[in-house]
Amino acid sequence: MTQEETNTLKETVISVLKTIYDPEIPVDIWTLHLIYGVDVDEEGNVKIVMTVTAPNCPVAETLPAEVRQRVQAVMGVKKIDVQLTFDPVCSIDMLS
């Protein structure tokens with residue numbers, strides 16, 4: 001995969017992330033800054049580092065699974081690794 005194809009795939013993955021909403025707050029997870037990183041390598045493997053609004057959030061298990069499922073469906077994605085982190089902890093100050 002060329003660098004241009006890798007960049008295009010990353011942009012597509014980000015577009016998909018912008019369609020996934022936090023069920024408690026009617027805002028997408030990209031705008032909420034719950035996605036800390038999206039990396040795509042030349043083979044089409046995607047690594048996403050994300051958080052949820054609080055460690056005891058009821059969607060702490062289901063939201064990463066939804067991210068994994070939706071991104072895996074993107075044409076060109078070979079493998080997806082979604083890592084959940086709480087460092088830094090999500091806060092209202094992160095919103096734009």
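Begin by selecting strand β2, residues 45-50, together with β3, and you will see, in this predicted model, two strands that pair in the parallel sense over 6 bridges. To look at one of these places in detail, select Lys 47 and then Asp 81, which is the bridge partner of Lys 47 in β3.

Next, widen the selection to the whole sheet, which is an open one formed by 3 strands in the order β1-β2-β3, with mixed pairing. If you colour β1 (35-40) and β3 (79-84), you have marked the edge strands, each of which pairs on one side only. As you turn the view, look for the twist, which averages 10° from one strand to the next.

Now add the helices that pack on this sheet. Select helix α1, residues 3-17, which touches β1 and β2 and whose direction makes about 145° with that of β1. Then select helix α2, residues 62-72, which touches β2 and β3 and whose direction makes about 160° with that of β3.

For the last stop, go to Thr 51, which you will find in the loop between β2 and α2. Is Thr 51 buried or exposed? Thr 51 counts as buried because its relative accessibility is 0%, and the cut-off for buried is under 20%. With the side chain of Thr 51 shown as sticks, add Thr 85 as well, and look for the backbone oxygen of Thr 85, which lies 2.7 Å from a polar atom of the Thr 51 side chain.

Conventions:
Residues numbered from 1 in each chain as written. Predicted model: local features only at pLDDT ≥ 70, side-chain atom pairs only at ≥ 80, totals over all residues. Heavy atoms only, no water. Pairing = 2+ DSSP bridges. Helix = DSSP H or I, 4+ residues; strand = E, 2+ residues; numbered from the N terminus. Axes fitted to C-alpha atoms, helices over the stretch in contact; angles between N-to-C directions. Contact = heavy atoms within 4.5 Å. Buried < 20%, exposed > 50% of the residue type's maximum accessible area, 1.4 Å probe, protein only. Polar contact = N/O pair within 3.5 Å; in protein donor to acceptor, adjacent residues only side chain to side chain.
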